[in-house]
Structures are given as structure tokens and as C-alpha cells.
Amino acid sequence: MNSQAPRYFALIPAAGVGARMAASGPKQYLKIGGKPMLRHAIDAFLFSDLIAHTYVVVSADDPFIDSVVPSHGVTVLRCGGATRMESVRNGLAALGGTLRDNDWVLVHDAARPGIDDALIEKLITSTGEHPVGGLLALPVVDTVKRSIAGEVGTVSREGMWLAQTPQMFRYRLLRDALAAASDSARDPRQVTDDASAVEALGLSPKLVEGHPRNMKVTMPGDVRLAEMYLATAQPELL
Ligand code: C5P
């Protein structure tokens with residue numbers, strides 16, 4: 001293989017506190033089927049032959065991570081920020097001497113334990129050499145309502161997708177996009193995924209159909225649902 005051929009790296013931001021989960025500790029350490037949620041995500045990337053290395057971003061003072069990461073194949077970056085975007089930015093900056101501009105980075109939320117090697121492979125092969133990048137997402141099937149200050153309206157679901165992760169972009173493009181998003185006048189808290197920063201540059205990533213099992217565990221009731229998905233066999237991928 002050409003030594004300059006792009007490689008695929010996983011970056012898992014795991015520096016959140018999971019306020020909506022109302023748990024006693026950060027939600028990425030809640031157990032799903034007896035295993036910390038974050039470890040499910042780590043194991044999926046470790047299991048994938050396509051991923052060169054996996055990085056996890058946690059807060060500088062995270063007391064739990066050392067007991068959760070396996071001894072090989074994962075590097076912990078203690079540079080989490082105040083928002084998801086900041087955590088990803090800091091993680092990418094820490095990899096400045098390691099990753100090349102054209103390497104692919106798959107950013108994946110620690111709160112999605114249902115990811116597996118089949119979905120990782122589907123994202124990578126479907127995105128291929130796309131000039132922008134790609135992300136897993138699900139087409140919206142329900143009727144969508146928007147309620148603002150008591151005024152309710154229906155939003156057409158045509159062309160609507162729900163973004164999942166991983167979201168994969170070239171290292172340089174993602175760094176530049178997140179830097180531009182931080183510098184812009186927009187509220188950085190609105191940049192809730194990596195793709196939105198890339199889209200703000202006027203670029204369109206590829207949407208690759210994901211799977212409901214790759215749900216984000218956000219509310220207390222989501223834990224049981226995630227356990228049900230994890231108890232089932234790998235999905236039949238389209
Ligand atoms: O809170 P939410 O589920 O949207 O977080 C998505 C992901 O971003 C989680 O994996 C969480 O740990 C991570 N995150 C982070 N740094 C923050 C906030 C969230 O790494 N400051």
C-alpha cells in the first residue's frame with residue numbers, strides 16, 4: 001500500500017456530563033448490558049480492521065477513563081472542552097503531528113453504544129473518495145412538528161434525515177471547518193455535530209443510511225432500548 005494512502009482514525013468525544021440523563025455520573029460510563037457505554041463504542045472501532053487507531057477525548061480531570069479503556073489500541077486525550085465541538089477541536093489539535101491532512105477521521109459520540117463494525121464499514125465504503133465526507137443518518141419517517149412559544153406547525157419531512165455518528169471527514173477539512181465555526185458569530189453551542197461545521201463552509205457531505213440500533217442514549221429510558229438493540233444480532237445492512 002502507498003505509504004501516503006489515507007488512513008482511517010476514530011475519534012470519540014467523551015467529555016460530556018450528560019445532563020439530560022440525570023444520572024449520578026457522566027452518562028458515557030453508565031453500563032449498558034453490563035459494560036460501560038463508552039466501552040461499547042471503543043470495542044466496535046477496535047474490532048474493525050479498517051480503523052488504524054482509536055482516540056478518546058475526555059476531560060482533564062476524568063477519574064473513570066483509566067478503568068474503562070483497554071490496554072492496547074486506544075489513546076486517551078485529556079483535552080475535553082466545554083462543548084462537544086471544543087472537545088473534537090482539541091482532540092484534532094492534539095493529533096497535529098500524527099495525522100496527515102488527507103487521513104480520514106471518524107468522529108463518533110460515546111453515547112451511541114450500538115455502533116458496530118458493519119456500520120463502520122458501510123460508512124467508509126459508501127463514502128469512498130467523496131470530496132467532502134460522509135455521515136450515518138436515518139431518513140425521517142414520522143410527521144414533523146415544530147412548536148415555538150405555543151405556535152405549532154408541520155414541517156415537511158421530505159428530504160429530512162436524522163444525523164447519527166460516525167461522521168467522517170478528512171483531517172484538514174474537519175480542523176478548518178471547526179476553526180471557522182468557532183470563529184464565526186454563530187453560537188458554538190448550535191454546532192452539535194461535525195457535519196454542520198463542514199456544511200457552514202458551503203459543502204455537502206454524503207448521507208449514508210445508518211440503523212436505529214445506533215441510537216443516541218440521552219434520556220433515562222434510552223438505556224433499556226439500547227440494551228434491547230445490543231442483545232440482538234447485527235443488523236442486516238442494505
Ligand atoms: O450531550 P450529547 O449526547 O449531545 O454529547 C454528544 C457527545 O459529545 C458525547 O459523547 C459527549 O461525551 C461528547 N461531549 C464532549 N464534550 C462536551 C460535551 C459533549 O466530548 N463538552
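Select Thr165 to start: this residue lies in strand 10, which covers residues 161–170. The model is a predicted one.

**Stop 1: Thr165 and its partners**

Is Thr165 buried or exposed? Thr165 has a relative accessibility of 2%, so it counts as buried; the cut-off for buried is under 20%. Now show side chains and add His108 to the selection. The side chains of Thr165 and His108 are joined by a polar contact of 2.8 Å.

Step along to Pro166. Pro166 is also placed in strand 10. Look at the peptide bond that runs from Thr165 to Pro166. That bond is cis, and its omega is near 5°.

**Stop 2: the ligand**

Select the ligand next. Where does the ligand sit? The ligand occupies the largest pocket. Show the residues around the ligand: there are 15 of them. The closest are Pro13, Ala15, Gly81, Ser87 and Lys216. Colour this shell by class and you get 6 nonpolar, 4 polar and 5 charged residues.

Now turn to the nitrogen atoms of the ligand and check three distances.

- Ser87: a polar atom of its side chain is 2.7 Å from a ligand nitrogen.
- Gly81: a polar backbone atom is 2.9 Å from a nitrogen atom of the ligand.
- Thr83: a backbone N or O atom is 3.3 Å from a ligand nitrogen.

How much of the ligand does the protein bury? On its own, the ligand exposes 460 Å², and the protein buries 85% of that.

**Stop 3: Leu119**

Move to helix 3, residues 117–127, and pick Leu119 within it. Leu119 is at 0% relative accessibility and therefore counts as buried. Add Leu136 and draw a C-alpha to C-alpha distance. Leu119 and Leu136 are 8.3 Å apart in space and 17 residues apart in sequence.

**Stop 4: Ala149**

Find strand 8 (144–148) and strand 9 (151–155); the loop between them holds Ala149. What is notable about the backbone here? Phi of Ala149 is near 50°, which is a positive value in a residue other than glycine. Switch to a surface view. Ala149 has a relative accessible area of 84%, so this residue is exposed; exposed requires over 50%.

**Stop 5: His211**

Go to the loop that connects strand 11 (206–209) with helix 6 (222–231), and select His211 there. Add Arg213 and show its backbone. A polar atom of the His211 side chain is 3.0 Å from the backbone nitrogen of Arg213. Then zoom out and select Ser67 as well. His211 and Ser67 are 144 residues apart along the chain, and 30 Å separates their C-alpha atoms.

**Stop 6: Pro26**

Finish at the loop between strand 1 (8–13) and strand 2 (31–32), where Pro26 lies. Is Pro26 buried, exposed or partly exposed? Its relative accessibility is 21%, so Pro26 counts as partly exposed. For a last distance, add Ala177. The C-alpha atoms of Pro26 and Ala177 are 28 Å apart, with the two positions 151 residues apart along the chain.

Technical notes:
Residues numbered from 1 in each chain as written. Predicted model: local features only at pLDDT ≥ 70, side-chain atom pairs only at ≥ 80, totals over all residues. Heavy atoms only, no water. Near = heavy atom within 4 Å. Polar contact = N/O pair within 3.5 Å; in protein donor to acceptor, adjacent residues only side chain to side chain. Areas by Shrake-Rupley, 256 points an atom, 1.4 Å probe, with all protein chains shown as cover. 1 Å grid on protein atoms, 1.4 Å probe; cavity = no way out; pocket = protein on both sides within 12 Å on 5 of 7 lines; lining within 4 Å. Sits in = over half its atoms within 2 Å of the grid points. Nonpolar A, V, L, I, M, F, W, Y, C, P; charged D, E, K, R; others polar. Helix = DSSP H or I, 4+ residues; strand = E, 2+ residues; numbered from the N terminus. Buried < 20%, exposed > 50% of the residue type's maximum accessible area, 1.4 Å probe, protein only.
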